[in-house]
Amino acid sequence: MKTQSATCKPASCQPLHAGQASRVLRLAMVCALSVPLAAIVTAGSAEAATAAGSAVPAMTTCIACHGAKGEGNSAAGYPRLAGLPADYIAAQLQSFAQGTRANSLMAPMAKALSDGQIIALAHDYSSLKPPVAAYGPMPAVAQAELGQRLAERGDWAAGIASCFRCHGPGGVGVAPSFPPLIGQSAGYIEAQIKAWKDGSRHNDPQDLMHTIALRLTDADTQAVAAWLAAQKPPASTPRHASAQRH
Ligand code: HEC
Ligand code: HEC
């Protein structure tokens, strides 16, 4: 397979790793099936715009909240995007557009993006270096111990699998589907778990996070979020290197 995906216009897309390219193709097919009719109708002109490099102006829209380097803004609850798996980012943008992940700030912006822009933005953010600083202070001992236990070992009596079982050792994420947990703020992590509990986020594959969220008490959620936010991300996440510019 060639390294340049057929769905990518040379002006807007970086060369892709062969595996990554086939995932993008698959993703593009899923997008084509799931986008509303209006989006398909306008896709022709939007693709032309993407080919002319409009993904870059689109990214300047995102910078206002997600930061110049995609580092996020923990005080405001805007998540980090840098270094997230490209497929995961694209899936979330689709979810905001479709309403399976409810957010009044992201919904209008995601709806305005073409499939081509979503793929280009997902790759641009995925290729940025993840943040290296911890997001928050280490919580008090009892809370830190509970948080660490849930993250590393889970709570089998309560039916909670360890977070790292899916999100990778150290919580660095496993592309394409499991986002990193470290490098996100405690407030954001807590808000997502609450969103799965109350159903405002119901986009996760096989209800994996919904099931876990329902089993986490408020104290569990606060402890695991605070402990995760206090972890220092590693300098690089080799798992996502396939999406990086070489
Ligand atoms: C006005 C502020 C704002 C702007 C501008 C903005 N976002 Fe967001 N974004 C948010 C907020 C708030 C969330 C968290 C939503 C939630 O809690 O579910 C978010 C979440 C996301 C997520 C989910 C991340 C994750 O870890 O699941 C993605 C992907 C994303 N934004 C992409 C973008 C892109 C691409 C742009 C530019 C086209 C953009 N955002 C512009 C506020 C913004
Ligand atoms: C069985 C697998 C599995 C386990 C165990 C798991 N997760 Fe997840 N988690 C997922 C998947 C899959 C997603 C992505 C959902 C989506 O595509 O929207 C996710 C997403 C998340 C997100 C959203 C991140 C973002 O950027 O928006 C948070 C926060 C999260 N998980 C926290 C946790 C915590 C805390 C634990 C441990 C208590 C945990 N997860 C355990 C599968 C798992």
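How many residues does helix α4 have, and how far does it reach from its first C-alpha to its last? I opened the predicted model with that question. α4 covers residues 86-98 and has 13 residues. Its reach is 18 Å, close to the 18 Å expected at 1.5 Å a residue.

**Entry: burial of α4**

I then looked up how covered this helix is. It is mostly covered, with 12 of its 13 residues buried. The buried residues include Y88, I89, L93 and F96. D87, Q92, Q94 and S95 are also among them. I checked what follows the helix. G99 comes after α4, and its phi is positive, near 85°.

**Entry: ligand 1**

Next I listed the surroundings of ligand 1. There are 22 residues around it, and C62, C65, P79, Q92 and N103 come nearest. Q92 is one of the buried residues of α4. Which helices supply at least two residues each to this shell? I found α3 (55-66), α4 and α5 (106-112). α3 gives the most, with six residues. By class I noted 16 nonpolar residues, five polar and one charged.

**Entry: ligand 2**

I repeated the lookup for ligand 2. Here the shell has 23 residues, and A161, C163, C166, Q192 and D204 come nearest. α8 (163-167), α9 and α10 each supply at least two residues. The largest share is from α8, with four residues. The classes are 16 nonpolar, five polar and two charged.

**Entry: nonpolar cores**

Last, I turned to the cores. In soluble globular proteins, nonpolar side chains tend to be buried together. Which residues have the most contacts inside the largest nonpolar core? I noted I189, V224, A225, L228 and A229, in a core of 22 residues. α7 (141-152), α9 (186-198), α10 (208-215) and α11 (218-229) each give two or more residues to this core. α11 gives the most, with seven.

I followed L228 one step further. Leaving out residues up to four places away in sequence, L228 touches G147, A151, G171, L181, I182 and I189. I189 is also on the list of residues with the most contacts inside the core.

A second, separate core has 20 residues, including L84, Y88, L93 and F96. That took me back to α4, where Y88, L93 and F96 are buried. α4 also supplies at least two residues to the shell around ligand 1. In the other core, α9 and α10 give two or more residues each, and both also supply at least two residues to the shell around ligand 2.

Conventions. Residues are numbered from 1 along each chain as its sequence is written. Chains are lettered from A and ligands numbered from 1 in the order in which they are written. This is a predicted model: local features need pLDDT of at least 70, side-chain atom pairs count only at pLDDT 80 or more; totals for chains, interfaces and linings use all residues. The expected span of a helix is 1.5 Å times one less than its number of residues. A residue is buried if 20 or more other C-beta atoms lie within 10 Å of its own, exposed if 12 or fewer, and partly exposed in between; C-beta atoms are placed from the backbone. A residue is near a molecule or strand if its C-beta atom, placed from the backbone, lies within 6 Å of it. Ala, Val, Leu, Ile, Met, Phe, Trp, Tyr, Cys and Pro count as nonpolar, Asp, Glu, Lys and Arg as charged, and the others, Gly among them, as polar. A nonpolar core is a set of buried Ala, Val, Leu, Ile, Met, Phe, Trp, Tyr and Cys residues joined through C-beta atoms within 7 Å. Two residues are in contact if their C-beta atoms, placed from the backbone, lie within 7 Å.
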